Amino acid sequence: MPIPPSLLNRPGALLTIAARTGQELAKRRLTPLGLTVQLCGVLNLLAEGPVSQQALGEQLHIDRTTVFELIDDLERQGVVVRRRNPADRRSYKLHLTAKGRTVQKRAAKAFDGAADDFFEPLAPAEQHQLVDLLRRVVVAADAKMVES
């Protein structure tokens, strides 16, 4: 879809359009695996190790109700299990199952393939520069949000 001329020089609008386009590419790669971009994000976070449902929601900026729905879906698929948190019996830690680790690896490969397609027009040095610029913008914006 072409970029409307009124948005060509608006970085915020271009970021939004880029994010939507990149997510659509990822969605197309993940759908055959029975996954969404959100579910892929959950699996990638859990690949780093067990985490509480609350921490997962906070880290991925997902509300509590949606976290429960996502985890229920992943449990039905047999890729995630909830286990009581020994440090806080009121909460659960989420763990990938053996099947979950396999699915996560496939999902990460599909997601990374979509990202490679999306960023293909940029040379590797430009991709690194873009990552650095975006990281600086995000860190600065987060700091401003904490201040206020």
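Author: A crossing of two helices is called left-handed if the near helix is turned anticlockwise from the far one by less than a right angle, and right-handed if it is turned clockwise. The model discussed here is predicted.

Reader: What is the handedness of the crossing in which H2 passes H5?

Author: H2 passes H5 in a left-handed crossing. The near helix of this pair is therefore the one turned anticlockwise from the far one.

Reader: Why are H2 and H5 called oblique to each other?

Author: Their axes come within 9 Å and cross at roughly 120 degrees. Roughly perpendicular covers 65 to 115 degrees, roughly antiparallel begins over 145, and roughly parallel requires an angle under 35. An angle of roughly 120 degrees belongs to none of these ranges, so H2 and H5 are oblique.

Reader: What makes the relation of H3 to H4 roughly perpendicular?

Author: The axes of helix H3 (residues 53–60) and helix H4 (residues 64–76) come within 10 Å and cross at roughly 110 degrees. Since the range for roughly perpendicular is 65 to 115 degrees, H3 is therefore roughly perpendicular to H4. The handedness of this crossing is right-handed.

Reader: Why does Arg106 count as exposed?

Author: The relative accessibility of Arg106 is 52%. Exposed means over 50%, so Arg106 counts as exposed. Arg106 lies in helix H5, and its C-alpha atom is separated by 9.0 Å from that of Leu30, although the two residues are 76 apart along the chain.

Reader: How do you know what share of the chain is buried?

Author: A residue is buried if its relative accessible area is under 20%. Of the 148 residues of the chain, 26% count as buried.

Reader: Which residues lie nearest the centre of the largest pocket, and how many residues line it?

Author: The lining has 18 residues, and Ala19, Gly22, Gln23, Phe111 and Phe119 lie nearest the centre. The pocket holds about 610 Å³ of space. At least two lining residues come from each of helix H1 (11–30), helix H2 (37–46), helix H5 (98–119) and helix H6 (124–147). H1 gives the largest share, 7 residues.

Reader: What is the make-up of this lining by class?

Author: The lining of the largest pocket has 14 nonpolar residues, 4 polar residues and no charged ones. Gly counts as polar and Phe as nonpolar under this classification.

Reader: What pattern does the chain follow along the sequence?

Author: The chain has 6 helices and 3 strands, in the order α-α-β-α-α-β-β-α-α. Its C-alpha atoms fill a box of roughly 55 × 40 × 25 Å along the principal axes.

How values were computed: Residues numbered from 1 in each chain as written. Predicted model: local features only at pLDDT ≥ 70, side-chain atom pairs only at ≥ 80, totals over all residues. Heavy atoms only, no water. 1 Å grid on protein atoms, 1.4 Å probe; cavity = no way out; pocket = protein on both sides within 12 Å on 5 of 7 lines; lining within 4 Å. Points joined across faces, edges and corners; volume = space filled by probe spheres on them. Helix = DSSP H or I, 4+ residues; strand = E, 2+ residues; numbered from the N terminus. Buried < 20%, exposed > 50% of the residue type's maximum accessible area, 1.4 Å probe, protein only. Axes fitted to C-alpha atoms, helices over the stretch in contact; angles between N-to-C directions.
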